[in-house]
Amino acid sequence: MDERLLARARELLNRHVPADNLKKHCLATEAIMRALAPRFDADPDLWGAAGLLHDLDYNETKDDMARHGDVTAGILREEGYPEEMIEAIRSHNADNLGIERTAPFGVALAAAESATGLIAAMALILPSKKLADVKTKSVVKRMKETSFARNVDREDIRRAEQIGLGVRDFLDIGVKAMQGTAGELGL
Ligand SMILES: [Fe+2]
């Protein structure tokens with residue numbers, strides 16, 4: 001991905017997403033996507049940017065989810081981001097947009113963004129409240145406990161299997177990626 005678009009991604013995030021939990025969610029999704037990219041011979045900058053920008057329009061579309069992803073697509077097309085990335089972002093909201101999510105890029109993005117919620121919730125119930133103390137094994141266990149972090153879509157995470165990653169492997173990549181950016185996430 002070209003340097004200009006990479007630098008621009010941060011500017012766009014700062015402009016559209018205030019410094020709050022949504023921003024941390026975007027940063028966490030970026031970290032997981034970067035870590036996943038090599039498994040798919042993909043560009044970590046490109047996959048990372050998709051993670052960083054996937055919820056760019058959220059504050060504008062949260063009451064009208066049928067537009068979530070499409071508004072972001074408009075912004076990113078104007079900026080010159082690759083269509084492959086834009087389609088992955090749209091497909092993370094496939095159900096509401098009435099489209100299919102089949103490309104590994106989009107499946108990975110939806111799984112990654114859901115995993116951030118589960119992993120962050122896991123850290124928050126630990127005495128230390130630190131990502132550093134999160135064990136993949138515990139996150140896998142909490143996957144099955146639907147009352148835990150109930151807003152997290154487990155199905156999106158399980159779909160990682162469709163692109164060749166077992167849930168345990170996938171969550172392990174997610175835990176390590178988020179631990180690597182714990183400072184920025186404040187966890
Ligand atoms: Fe998200």
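**Exercise 1.** How many salt bridges does the count come to by the distance rule?

Solution. The structure is a predicted model. The rule asks for a side-chain nitrogen of Lys or Arg within 4 Å of a carboxyl oxygen of Asp or Glu. Applied here, it gives 17 salt bridges.

**Exercise 2.** Find the N to O distance for Arg8 and Glu11, then place the pair in its helix and classify both residues by accessibility.

Solution.
1. The side chains of Arg8 and Glu11 form a salt bridge at 2.6 Å, N to O.
2. Both belong to helix H1 (residues 3-16), where a spacing of three residues puts them about one helical turn apart.
3. Buried means under 20% relative accessible area, and exposed means over 50%. Arg8, at 16%, is therefore buried.
4. Glu11 has a relative accessible area of 45%, so this residue is partly exposed.

**Exercise 3.** Determine which helices are linked by the salt bridge between Arg90 and Asp70.

Solution.
1. The closest N and O atoms of Arg90 and Asp70 are 2.6 Å apart, and the two residues form a salt bridge.
2. Arg90 sits in helix H6 (residues 83-91) and Asp70 in helix H5 (residues 70-79); the pair, 20 residues apart, links distant parts of the chain.
3. Arg90 is buried at 16% relative accessibility, while Asp70 is partly exposed at 34%.

**Exercise 4.** Describe the salt bridge of Arg158 and Glu155, then name the residues of a network built from shared partners.

Solution.
1. Arg158 and Glu155 meet through their side chains at 3.2 Å, N to O.
2. Helix H10 (residues 154-158) holds both, three residues apart, or about one turn of the helix.
3. Arg158 is partly exposed at 34%, and Glu155 is partly exposed at 38%.
4. Arg10, Glu30, Arg34, Asp45 and Glu184 are joined into one network by salt bridges that share partners.

**Exercise 5.** List the protein donors of the iron ion and explain why their arrangement is irregular.

Solution.
1. The donors are His25 (NE2), His54 (NE2), Asp55 (OD) and Glu113 (OE), at 1.8 to 2.1 Å from the iron ion.
2. Along the chain their spacing reads H-x28-H-D-x57-E.
3. His25 is in helix H2 (residues 21-36) and Glu113 in helix H8 (residues 104-124), so this pair ties together parts 88 residues apart in sequence.
4. His25 is buried at 18% relative accessibility, and Glu113 is buried at 16%.
5. A tetrahedral site needs all angles between 85 and 135 degrees. The four donor atoms subtend angles of 94 to 157°, which makes the arrangement irregular.

Note on methods. Residues are numbered from 1 along each chain as its sequence is written. This is a predicted model: local features need pLDDT of at least 70, side-chain atom pairs count only at pLDDT 80 or more; totals for chains, interfaces and linings use all residues. Side-chain values use heavy atoms; hydrogens and water are left out. Helices (H or I, at least four residues) and strands (E, at least two) are DSSP runs, numbered from the N terminus. Buried means under 20% relative accessible area, exposed over 50%, partly exposed in between (1.4 Å probe, protein chains only). Donors are N, O and S atoms within 2.8 Å of the metal (3.2 Å for Na, K and Ca); water is not among the atoms, so sites may look incomplete. Four donors count as tetrahedral if all angles lie between 85 and 135 degrees; four count as square planar and six as octahedral if opposite donors are over 155 degrees apart and all others between 65 and 115; anything else is irregular.
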